[in-house]
Amino acid sequence: MTKEEVENLRLGLRNMPAFPVCLITVGKGKEANIITAAMVHVFSFEPPLIGIGIALQRHSHGLLDKEEDFVVNVPGKDLVKETLACGTVSGKEVDKFGLYGLVKTESCKVSAPSISQCPVNFECKKVQKVTTGDHDWFIGEVVAVMVDKKYKRGDGLLYWGGEFRLPGKIIKER
Ligand SMILES: Cc1cc2nc3c(=O)[nH]c(=O)nc-3n(C[C@H](O)[C@H](O)[C@H](O)COP(=O)(O)O)c2cc1C
């Protein structure tokens, strides 16, 4: 394949509908970091598994390799600026919690902290790493789910192809 064909296929992926975009927290104490990830999916209901696709060169990739757990924090639209910022700078250089005013809070069942401003926190114990292409999928078993009382499912941010969105209206119920 030519370079141009490869680039066209990459751009073609932008036609996928949007995905949830989450703030993943990983690491302990001062080493704890946040990475924005849109490659997030439910991999199983029984057991409950969530996977996050993380590029090999990310600082967080090293932390995910080393640590036993992580938290998938769901931001609302009030955190869109912070979500973009955590996906633009590296925790290798800065403390993203301090820089963006994101409050580290102790999780219930895992050692990675949760972000208190996020209305949903999925606490995950790492069970598997799947190598695909330029991203590795870290699969975590969900061991605790914290949900803010005011949260509605349509409040979680979506992202793909350079655009942040909120879920649209329900057009049919199953
Ligand atoms: C909206 C958005 C979504 C992103 N999704 C992913 C993703 O799914 N996987 C990934 O590896 N990087 C993703 N990134 C890029 C990382 O968040 C970014 O490179 C970040 O600075 C890495 O942080 P770290 O070096 O502290 O790990 C995304 C960035 C943005 C802005």
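**Group meeting talk: sheets, core and ligand shell**

Okay, let's start with a single residue: G51 lies in strand 5. Before I go on, please remember that this is a predicted model. Everything I say today is about that prediction.

So, is G51 buried or exposed? The way to decide is to count C-beta atoms around it: a residue with 20 or more others within 10 Å is called buried. G51 has 22 other C-beta atoms within 10 Å, so G51 is buried.

Who is around it? If we skip the neighbours within four places in sequence, G51 is in contact with H41, F43, W137, F138 and I139. One of those, I139, is also the bridge partner of G51 in strand 10. And here's a nice one to find on your screen: G51 and V130 are 79 residues apart in sequence, but their C-alpha atoms are 9.4 Å apart in space.

Now let's zoom out from G51 to strand 5, residues 49-55. On one side, strand 5 pairs with strand 10, residues 135-147, in the antiparallel sense over seven bridges. Strand 5 also pairs with strand 4, residues 40-44, again antiparallel, this time over four bridges. Strands 4 and 5 make a hairpin, with four residues between them. If you want a landmark there, look for S44, which stands opposite L49 in strand 5.

A quick reminder for anyone new to this: strands of a sheet pair through backbone hydrogen bonds, and they can be parallel or antiparallel.

Which strands make up the sheet that these belong to? There are seven of them, in the order 3-2-6-9-10-5-4, and the sheet is open with antiparallel pairing. Strand 3 and strand 4 are the edge strands, each pairing on one side only. On average, neighbouring strands in this sheet are turned by 35° against each other, ignoring direction.

Over at the strand 3 end, five bridges join strand 2 to strand 3, and the two run antiparallel. L23 stands opposite T36 in strand 3, if you'd like to find that pairing yourself.

There's another open sheet too, with three strands in the order 1-11-12 and antiparallel pairing. Strand 1 (19-20) and strand 12 (163-165) are at its edges with a single partner strand each, so one side of each has no neighbour in the sheet. Strand 1 is joined to strand 11, residues 158-160, by two bridges. There, P20 stands opposite L158.

Next, the inside. The largest nonpolar core has 29 residues, and I24, F70 and V72 touch the most other members. Strands 2, 3, 5, 6 and 9, along with helix 2, each supply at least two residues of this core. Take I24: not counting residues up to four places away in sequence, I24 touches I34, I35, A37, I52, S60, F70 and V72.

Last stop, the ligand. Which residues come nearest to it? Of the 22 residues around the ligand, the answer is H59, S60, G87, S90 and G91. You've met S60 already, as one of the residues I24 touches.

Strand 3 (33-37), strand 5 and helix 2 (59-66) each supply at least two residues of the shell around the ligand. Strand 3 gives the most, with four residues. By type, the shell divides into 10 nonpolar, 10 polar and two charged residues.

To tie it up: strand 5, where we began with G51, pairs with strands 4 and 10, supplies residues to the core, and supplies residues to the ligand shell as well. Thanks, everyone!

Note on methods
Residues are numbered from 1 along each chain as its sequence is written. This is a predicted model: local features need pLDDT of at least 70, side-chain atom pairs count only at pLDDT 80 or more; totals for chains, interfaces and linings use all residues. A residue is near a molecule or strand if its C-beta atom, placed from the backbone, lies within 6 Å of it. Ala, Val, Leu, Ile, Met, Phe, Trp, Tyr, Cys and Pro count as nonpolar, Asp, Glu, Lys and Arg as charged, and the others, Gly among them, as polar. Two strands pair if DSSP finds at least two bridges between them. A nonpolar core is a set of buried Ala, Val, Leu, Ile, Met, Phe, Trp, Tyr and Cys residues joined through C-beta atoms within 7 Å. A residue is buried if 20 or more other C-beta atoms lie within 10 Å of its own, exposed if 12 or fewer, and partly exposed in between; C-beta atoms are placed from the backbone. Two residues are in contact if their C-beta atoms, placed from the backbone, lie within 7 Å. Axes are lines fitted to C-alpha atoms, for helices over the stretch in contact, and angles run from 0 to 180 degrees between N-to-C directions.
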